[in-house]
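Visitor: I would be grateful for a close look at one part of this structure, with the residues that meet there. Please then place that part in its wider setting.

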Amino acid sequence: NDAWQATLLRLMEPWLGDSRVFERSNRSAHDGGPLARTAAAHLIGRRGDDGPMLEKVLGDPLKSVRAAAAWAAVERLPSDHPAIREISEIASHQSDQPAGAMSMARLAVIRGDASEAEKWFKRAAEWDAASPVPRRDLAVFLSGQGRTADSIAWLEDAGRVDPDNAEIPYLIALAYAETGETTKARASLEQAVQRDPSFSRAWYNLGLLQNSMGDTDQAIASLRQAADLDPSSPAAPYAAATIHLRLGQIDQAVQAAQETLRRDPAHPQARQLLQQLRR
């Protein structure tokens, strides 16, 4: 079933580096139906493939397949590539709708046209008063321009639109951390994990911030939460190891460093820390 194959491919996106996902997406790009080829084109573009497979999906007979590949690889394609011209025409045609305005904003960002990007982000936000997405993306863009205060204002607006969204206070916390307002950053991170207790990255950042504020016990507890929620990442156990070491808790530091190396055997800092502890 073409729709089911496309759904399966969409679900595979977090595992782009897996050889089985690589093979499945290539196979679907060759012999899948329209929906499966479109989903495969997105994966092929996202995985950084600049070889024959990307050119194949960029040259597919179906516009939806070509567009999916082009949007996924848009930042790597030359500005004069036919695929860029095609998605620019699509975006322009749809620019009287919020999604089209967002596409116009994204193209302007890639071109480095900041004023044009801001104009289209704001237009999308104005037209789609019920969605936090244009406000969030505008805030991220403004933050990248060094306009942190404006970024926070738009994020707070996004939070009013979607008060249950845990990502919004997380992004607000990052912005406050940039401005050195650690108390506000901590409060926003606590709000993020309250809204979504499975938000591992928010737990990790909260642990780092708590440690910087001298609350080491709470920091270790937050980092433990982050480590449990994301069992493949070495970041949280390594951060915990450094805190245990500073506190003189050698056994706990050894255990955390060993857990870091179990997750990433090549982790140089954890290996060095463990050697130091053993000496």
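Guide: In this predicted model, the part to examine is the place where helix H15 meets helix H17. On the H15 side, the residues that take part are Tyr238, Ala241, Thr242 and Leu245. Facing them from H17 are Gln269, Ala270, Leu273, Gln276 and Leu277. Sorted by class, this contact comprises 6 nonpolar and 3 polar residues, with no charged residues.

The geometry of the pair comes next. Two packed helices are described by the angle between their axes and by the distance between those axes. H15 covers residues 235–246 and H17 covers residues 268–278; their axes are 11 Å apart, and the packing angle is about 30°. Angles under 35 degrees count as roughly parallel, and H15 and H17 are therefore roughly parallel to each other. Their crossing is left-handed.

One residue from a neighbouring helix helps to complete the picture. Thr260 belongs to helix H16, which covers residues 250–263. Leaving aside neighbours within four places in sequence, Thr260 is in contact with Pro234, Pro237, Tyr238, His267 and Ala270. Two of these names have appeared already: Tyr238 is one of the H15 residues in the contact described above, and Ala270 is one of those in H17. The side chain of Thr260 also reaches the backbone nitrogen of Tyr238, at 3.1 Å. Is Thr260 buried or exposed? Buried means under 20% relative accessible area, so Thr260, at 0%, counts as buried.

A second pair of helices offers a useful comparison. H3, residues 34–46, and H5 have axes that come within 7 Å and cross at roughly 15°. H3 and H5 are therefore also roughly parallel to each other, but the crossing of H3 and H5 is right-handed, whereas that of H15 and H17 is left-handed. From H3, the residues in contact are Pro34, Arg37, Thr38, Ala41, His42, Gly45 and Arg46. From H5, they are Ser64, Val65, Ala68, Ala69 and Ala72. By class, the contact of H3 with H5 has 6 nonpolar, 4 polar and 2 charged residues, while the contact of H15 with H17 has no charged ones.

H3 also packs against H2, which covers residues 19–31. The axes of H2 and H3 come within 8 Å and cross at roughly 135°, which makes H2 oblique to H3. H2 passes H3 in a left-handed crossing. Here Val21, Ser25, Asn26, Ser28 and Ala29 in H2 meet Ala36, Arg37, Ala40, Leu43 and Ile44 in H3. The classes in this contact are 6 nonpolar, 3 polar and 1 charged.

Arg37 of H3 deserves a further word, since its side chain and that of Asp60 are joined by a polar contact of 2.8 Å. Asp60 sits in the loop between helix H4 (52–58) and H5. With a relative accessibility of 8%, Asp60 counts as buried. Apart from neighbours within four places in sequence, Asp60 touches Arg37, Val65 and Arg66; among these, Val65 is also one of the H5 residues that meet H3.

After H5 (63–72), the loop that leads to helix H6 (82–93) contains His81. His81 has a relative accessibility of 15% and counts as buried. Not counting residues up to four places away in sequence, His81 touches Glu55 and Leu58. The side chain of His81 reaches the backbone nitrogen of Ala83 at 3.0 Å.

A further buried residue, Ser188, lies in helix H12, residues 182–195. Ser188 is buried because its relative accessible area is 10%. Beyond its neighbours within four places in sequence, Ser188 is in contact with Pro169, Ile172, Ala173 and Tyr176. The C-alpha atoms of Ser188 and Pro61 are 48 Å apart in space, and these residues are 127 apart in sequence.

Finally, the whole protein provides the setting for these details. The protein has 17 helices and 0 strands. Along its principal axes, the C-alpha trace spans about 65 × 45 × 35 Å. Of its 279 residues, 45% count as buried. Among the contacts with a separation of 6 or more, 46% are between residues 24 or more positions apart.

Methods. Residues are numbered from 1 along each chain as its sequence is written. This is a predicted model: local features need pLDDT of at least 70, side-chain atom pairs count only at pLDDT 80 or more; totals for chains, interfaces and linings use all residues. Side-chain values use heavy atoms; hydrogens and water are left out. Axes are lines fitted to C-alpha atoms, for helices over the stretch in contact, and angles run from 0 to 180 degrees between N-to-C directions. Helices (H or I, at least four residues) and strands (E, at least two) are DSSP runs, numbered from the N terminus. Angles under 35 degrees count as roughly parallel, over 145 as roughly antiparallel, 65 to 115 as roughly perpendicular and the rest as oblique. A crossing is left-handed if the near helix is turned anticlockwise from the far one by less than a right angle, and right-handed if clockwise. Contact means heavy atoms within 4.5 Å. Ala, Val, Leu, Ile, Met, Phe, Trp, Tyr, Cys and Pro count as nonpolar, Asp, Glu, Lys and Arg as charged, and the others, Gly among them, as polar. Buried means under 20% relative accessible area, exposed over 50%, partly exposed in between (1.4 Å probe, protein chains only). A polar contact is a pair of N or O atoms within 3.5 Å; within protein, one must be able to donate a hydrogen and the other to accept it, and residues adjacent in sequence count only if both atoms are side-chain atoms.
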